[in-house]
Amino acid sequence: MKILMTGATGHIGNFVGRKLVDLGHEVVVVSRSKNKALNYLEFPAEIIEHDLVADPLPEKKLLGIDAIVHLMGETVDGRWTKKKKEQILNSRKISSEHLVKHLPANIKVIVSASAQGIYGDHKAHMVTENSKLGSDFLAEVCKEWEKPFVFLNGIRTVQLRIGLVLDPQSGVLRKMIPLFQRGLGGTLGSGQQYMSWIAIEDLTEVIVQVLTNDNYSGAINCATDNPVTNSEWTKLLGKQLNALRSAPVPSFALRIAVGEMASAVLASIKLAPTKLLANNFKFKYPNLKDYFEKSLAPYKGGQYFYSVKQFVPRDIESVFTFFSQAANLEQITPPFLNFQVSKMSTKTIHKGTLIDYKLNLKGIPMKWKTLISDWNPPHSFIDTQLSGPYRSWHHMHRFEKLGNGTLLSDEIRYKLPLGFLGQMMASTLVQKDVEKIFKFRREVIHKIKF
């Protein structure tokens, strides 16, 4: 199928886009910035530069499209000022209205994101797709989000009422992990509110199945059938990270800290994925304990993990060759590091090669010696710090064929010096620096001709 996507540069969008391309579908992306889309898409796609909040999408842009996956929406994180609430609402309501305004007859199915917030607080009662809807701000936003897709004649439409999406590199877990590692994670409010959740891999599979299975239509609860209380969540997360838990955060303190948004954090929603189970959907991660054990293993013992992906429209051999030349690392490293390769133990890189670097961290000159501990051209290699600024550093470089190009994946596991003191004092700064380095890398790689 030829599938049009919005919100494709986000974490969920990239998971879905990669899966669709891998299955042989053709993807068209709508983005306000073509340059940003080229930088942040992790899969090959045709890009339509268009602001859906400003104007409807012209019918000619939808000709030849078989299906639509609509994922765009302003993040609800942060304090809800009047301006923020307008952005949250308009990015969903207006974009949805503009998306469907000029639909041609060739569209077979539209899958739109929505959220569990449409139900409001239901305490400990199970919430099916037929349960009473809420009346608070997020519930009203979700109603407006879904409304344009409810009465489209001749087109199958699906509204995904999504629970907490779990992925250590994004969303709620990305915020919680560093807090728990520093002993600052505790229950919120009473801790008895239910949290409905779904792994990002399972949500991706839901979207793929919904696109092709005509049995799905209307609202669908997207969460496992094993919701947990906030107290259970906190206990499981702390245990998996070997972390001490802090004192509970009282409801009033949360309301002082984040304002009206606290009501969403403290709401109890116990989703029942009735339609998914009726269609025999099999969750890869049906319970939270197993999910935490698998996905949080790289974070144990005070270790940090960072993963980033980038699509390059070049063949895998050319891309691997570029990255296998140590001198090219200088080109893709930001100037503030003053990074230089000073010595190599072999003329060409292979397993066992030792490489010495010079660099500056926060203005302090440092030396770094790394070992190429694994070498598997053109698919992967690993460099491991032998001496340098970190207590440990393990960097896996992966290269995979995807569509007409190559998907680059960098997976970094590192520990800071000074143990718990280092975590408390420097973890956030180091994380920001690592993200800054790979943001620079992404922008440079986008321009390289390989």
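Two strands are taken to pair if DSSP finds at least two bridges between them, and helices (H or I, at least four residues) and strands (E, at least two) are DSSP runs numbered from the N terminus. The model described here is predicted, so local features need pLDDT of at least 70 and side-chain atom pairs count only at pLDDT 80 or more, while totals for chains, interfaces and linings use all residues. Residues are numbered from 1 along each chain as its sequence is written, and side-chain values use heavy atoms, with hydrogens and water left out.

A good place to start is the open sheet of seven strands, which runs in the order β14-β20-β19-β18-β17-β16-β15 with antiparallel pairing. At its edges stand β14 (304-312) and β15 (340-344); each has a single partner strand, so one side of each is left without a neighbour in the sheet. On average, neighbouring strands of this sheet are turned by 25 degrees against each other, direction ignored. Helix α12 (residues 316-323) packs on the sheet, where it touches β14, β17, β18, β19 (392-402) and β20 (405-415). The direction of α12 makes about 160 degrees with that of β19; such angles run from 0 to 180 degrees between N-to-C directions, and axes are lines fitted to C-alpha atoms, for helices over the stretch in contact.

Within this sheet, β17 (residues 364-376) and β18 (residues 380-387) pair in the antiparallel sense over seven bridges, and D374 stands opposite I382 in β18. The loop between β17 and β18 holds P378, and a cis peptide bond with omega of about -5 degrees joins P377 and P378. On the edge strand β15 lies K343, which counts as exposed at 52% relative accessibility; buried means under 20% relative accessible area, exposed over 50%, and partly exposed in between (1.4 Å probe, protein chains only). Leaving aside neighbours within four places in sequence, K343 is in contact (heavy atoms within 4.5 Å) with L354, I355 and D356.

Turning to the helices, α4 (residues 137-150) has 14 residues, which at 1.5 Å a residue should span 20 Å, in agreement with the 20 Å between its end C-alpha atoms; the expected span is 1.5 Å times one less than the number of residues. Its buried residues are F137, L138, A139, V141, C142, W145, E146, P148 and F149. These buried residues pack against β4 (67-70), α3 (82-100), β5 (109-115), β7 (156-162) and α9 (262-266).

The axes of α3 and α4 come within 7 Å and cross at roughly 10 degrees. That makes α3 roughly parallel to α4, as angles under 35 degrees count as roughly parallel, over 145 as roughly antiparallel, 65 to 115 as roughly perpendicular and the rest as oblique. Residues making the contact include I88, L89 and R92 of α3 and V141, E144 and W145 of α4. In helix α5 (residues 171-181), the buried residues are L173, M176, I177, P178, F180 and Q181. After α5 comes G183, whose phi is positive, near 75 degrees.

Two loop residues complete the picture. K123, in the loop between β5 and β6 (126-127), has a positive phi near 55 degrees and is exposed, with a relative accessible area of 53%. N338, in the loop between α13 (328-331) and β15, has a positive phi near 45 degrees and counts as partly exposed at 45% relative accessibility.
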